[in-house]
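Good morning, and thank you for coming. I shall take a few minutes to introduce a structure that is new to this group, beginning with the overall picture and then turning to particular places.

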Amino acid sequence: MEETPSNPGPGGSSRERPLRILLIAYEFPPSPSPQSLRWAYLTDRLAALGHEVHVLAPDIGGSMEGLPDPGRAIQVHRTFPGPVRGALGWLARRRPAPVVFGSSAGVPTSSETPGDGVRDTLEIPAAVEPPRLNWKGRLLERFQRGVSWLLFPDLRAEWHRPARKALHRLLDDLRPDVVVTSHEPCTTLQLGLQAERRGFRWVVDMGDPVLAAYTPWRWRHRAHALEATVMRRADHVLVTTAQAAALLRERHGAGADVSVVTQGFDERMPPAQDVSRRPDSMLELLYAGSFYSFRDPRALVDAVLAVPGVRLNVASGNVPEWLAGVARERPAQVRLLGRVPHRRLLVLQRQIDVLVNLANPDPSQVPGKFYEYLGAGRPVLHLLAGSGLDATGELLGALARGWSCAGDRSTIEHELHRLAEAHREGALASGLQLGMEAVESWSWTQSASAVAGTLQSVVDPV
């Protein structure tokens with residue numbers, strides 16, 4: 001199993017014949033998941049390179065607001081997602097809009113009236129109360145969890161039957177040069193195996209391994225077996241980290257070639273704005289992403305509450321209840337923005353003072369959101385999970401795009417005092433390199449060029 005370099009520059013793919021590509025992806029817009037965004041951008045860039053791209057995806061419903069539009073160049077073939085997921089989509093469309101408990105205008109950072117060309121507001125969305133389900137919604141969610149417990153790997157497995165029927169029809173009609181499967185869920189890998197059995201070239205975008213730290217114990221043996229089969233039969237495997245590539249090599253030895261294509265950022269977005277505001281303005285922090293058991297924001301929130309002149313804005317759709325309570329009691333220092341549409345969030349990231357990143361438990365992993373932060377061109381504060389510097393912190397330091405500190409309350413509090421003082425002095429970005437030149441290799445265009453080169457080498461090997 002050969003590992004090729006991470007995100008190589010543009011290869012010869014655009015000079016070769018155009019490919020007909022069939023992507024199998026459960027997570028694709030209107031899903032807002034990181035994997036959905038990854039392939040929304042990659043398919044757009046692959047089409048721009050001249051390739052014909054088809055996508056097999058479930059019809060999960062939902063709004064496309066703020067999501068990358070696949071456009072007419074991408075032909076999306078939707079299928080029934082399964083009975084439970086279809087019912088959940090129907091429920092989501094019937095939920096009431098979130099209740100606003102903060103101002104819908106920009107966040108005021110000075111009581112003075114503007115008039116000198118200096119901004120005194122940031123265009124931050126309104127604070128929202130986390131949505132609450134009624135009894136019918138709670139009952140359906142419990143039913144969803146029960147079905148997920150029974151199905152491998154989870155509820156999304158119910159898509160397998162309708163997707164399999166559609167897949168064979170598309171294989172007959174399109175005769176694609178190559179089939180690409182986007183994991184997760186591993187249902188897509190099972191579908192890819194069927195295409196491979198019919199003689200089609202097959203490239204797997206693995207992302208995380210099938211057998212991961214969060215895999216339920218009841219599925220671990222099955223996950224390992226499927227992962228081994230994929231590594232034995234796929235023509236090529238893409239992963240997002242060098243550590244994932246090494247893990248697959250350690251587990252399975254020789255097998256499919258593996259290359260690394262990390263998460264990325266949209267280089268077509270306008271560059272970061274110069275947030276020029278009065279010295280007495282609040283230092284605005286933004287955390288954008290999900291919370292898990294290994295991403296507990298309590299120490300960060302406690303530190304923010306202890307430092308005058310600092311406000312934490314949280315753009316997330318799954319905040320813990322205790323954090324919602326803090327936001328109700330201390331709205332001047334903690335604001336919940338809910339799930340901000342992706343494109344609107346990219347704009348906000350480019351306006352904010354400091355972007356906050358919470359470390360993954362594995363020090364060798366770099367969170368996908370971090371690459372999006374790199375494209376924002378704003379300073380990043382990275383909170384470590386342990387005492388030593390992790391891979392994210394090392395990359396952040398090498399690029400001079402922010403600071404890393406231990407994730408305990410006292411250390412964060414000390415760092416926030418320092419940043420608040422630098423902000424008041426107009427020296428927040430002093431010593432940082434926030435231009436795009438140093439990070440352009442992580443743009444989605446560069447990543448798509450790497451993917452196109454891999455697909456070309458699989459279809460037309462030398």
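**A first walk through the model**

Let me begin with helix 6, whose buried residues are Ala223, Leu226, Glu227, Ala228, Thr229, Val230 and Met231. Please bear in mind throughout that this is a predicted model.

Helix 6 covers residues 220-233, which is 14 residues. From its first C-alpha to its last it reaches 20 Å, close to the 20 Å expected at 1.5 Å a residue. What do the buried residues of helix 6 pack against? Their partners are helix 5 (187-197), strand 8 (201-207), strand 9 (236-239), helix 7 (242-252) and strand 10 (257-260).

One residue of helix 6 deserves a closer look, namely Met231. With a relative accessible area of 2%, Met231 falls under the 20% cut-off and is therefore buried. Met231 and Arg249 are separated by 18 residues in sequence, and their C-alpha atoms lie 9.2 Å apart in space.

Let me now step back to the protein as a whole. It has 14 helices and 16 strands. Of its 462 residues, 53% are buried. Among contacts with a separation of 6 or more, 74% are between residues 24 or more positions apart.

I turn next to a sheet. Here 6 strands form an open sheet, in the order 13-12-11-14-15-16, and the pairing is parallel. Which strands lie at the edges? They are strand 13 (334-336) and strand 16 (402-406), each of which pairs on one side only. From one strand to the next, the twist averages 25 degrees. Helix 11, residues 368-376, packs on this sheet and touches strand 11, strand 14 and strand 15 (380-384). The direction of helix 11 makes about 165 degrees with that of strand 14.

Within this sheet, consider strand 11, residues 283-288. How many of its residues are buried? The count is 6 of 6, and strand 11 is accordingly described as mostly covered. Leu283, Leu285 and Tyr287 point one way from the strand, while Glu284, Leu286 and Ala288 point the other way, and all are buried.

Strand 11 has pairing partners that we can name residue by residue. With strand 12 (residues 310-315) it pairs in the parallel sense over 6 bridges, and there Leu285 stands opposite Leu312. With strand 14 (residues 354-358), strand 11 also runs parallel, joined by 3 bridges, and in that pairing Leu285 stands opposite Val354. Moving outward, strand 12 is joined to strand 13 by 3 bridges, again running parallel. In that pair, Asn313 stands opposite Arg335 of strand 13.

Another parallel pair is found earlier in the sequence. Strand 2 (residues 20-25) is joined to strand 3 (residues 52-58) by 5 bridges, and the bridge partner of Arg20 in strand 3 is Glu52. Because 5 of its 6 residues are buried, strand 2 is largely enclosed by the rest of the structure.

My next topic is a pair of helices. Two packed helices are described by the angle between their axes and the distance between the axes. The axes of helix 1 (residues 34-48) and helix 14 (residues 444-459) come within 9 Å and cross at roughly 70 degrees. An angle from 65 to 115 degrees counts as roughly perpendicular, and helix 1 and helix 14 are therefore roughly perpendicular to each other. On the side of helix 1, the contact is made by Arg38, Trp39, Tyr41, Leu42, Arg45 and Leu46. On the side of helix 14, it is made by Trp444, Thr445, Ser447, Ala448, Val451 and Ala452. By class, this contact has 8 nonpolar, 2 polar and 2 charged residues.

Finally, I would draw attention to some details of the backbone in the loops. The peptide bond from Pro29 to Pro30 is cis, with omega near 20 degrees, and Pro30 lies in the loop between strand 2 and helix 1. The bond from Glu184 to Pro185 is also cis, with omega near 0 degrees. Pro185 is in the loop between strand 7 (178-182) and helix 5.

Arg175 has a positive phi of about 50 degrees although it is not a glycine. Arg175 sits in the loop between helix 4 (160-174) and strand 7. Is Arg175 buried or partly exposed? At 48% relative accessibility, it counts as partly exposed. Ala400, likewise not a glycine, has a positive phi near 55 degrees, and its place is in the loop between helix 12 (391-399) and strand 16.

Note on methods: Residues numbered from 1 in each chain as written. Predicted model: local features only at pLDDT ≥ 70, side-chain atom pairs only at ≥ 80, totals over all residues. Heavy atoms only, no water. Axes fitted to C-alpha atoms, helices over the stretch in contact; angles between N-to-C directions. Helix = DSSP H or I, 4+ residues; strand = E, 2+ residues; numbered from the N terminus. Parallel < 35°, antiparallel > 145°, perpendicular 65-115°, else oblique. Contact = heavy atoms within 4.5 Å. Nonpolar A, V, L, I, M, F, W, Y, C, P; charged D, E, K, R; others polar. Expected span 1.5 Å × (residues − 1). Buried < 20%, exposed > 50% of the residue type's maximum accessible area, 1.4 Å probe, protein only. Pairing = 2+ DSSP bridges.
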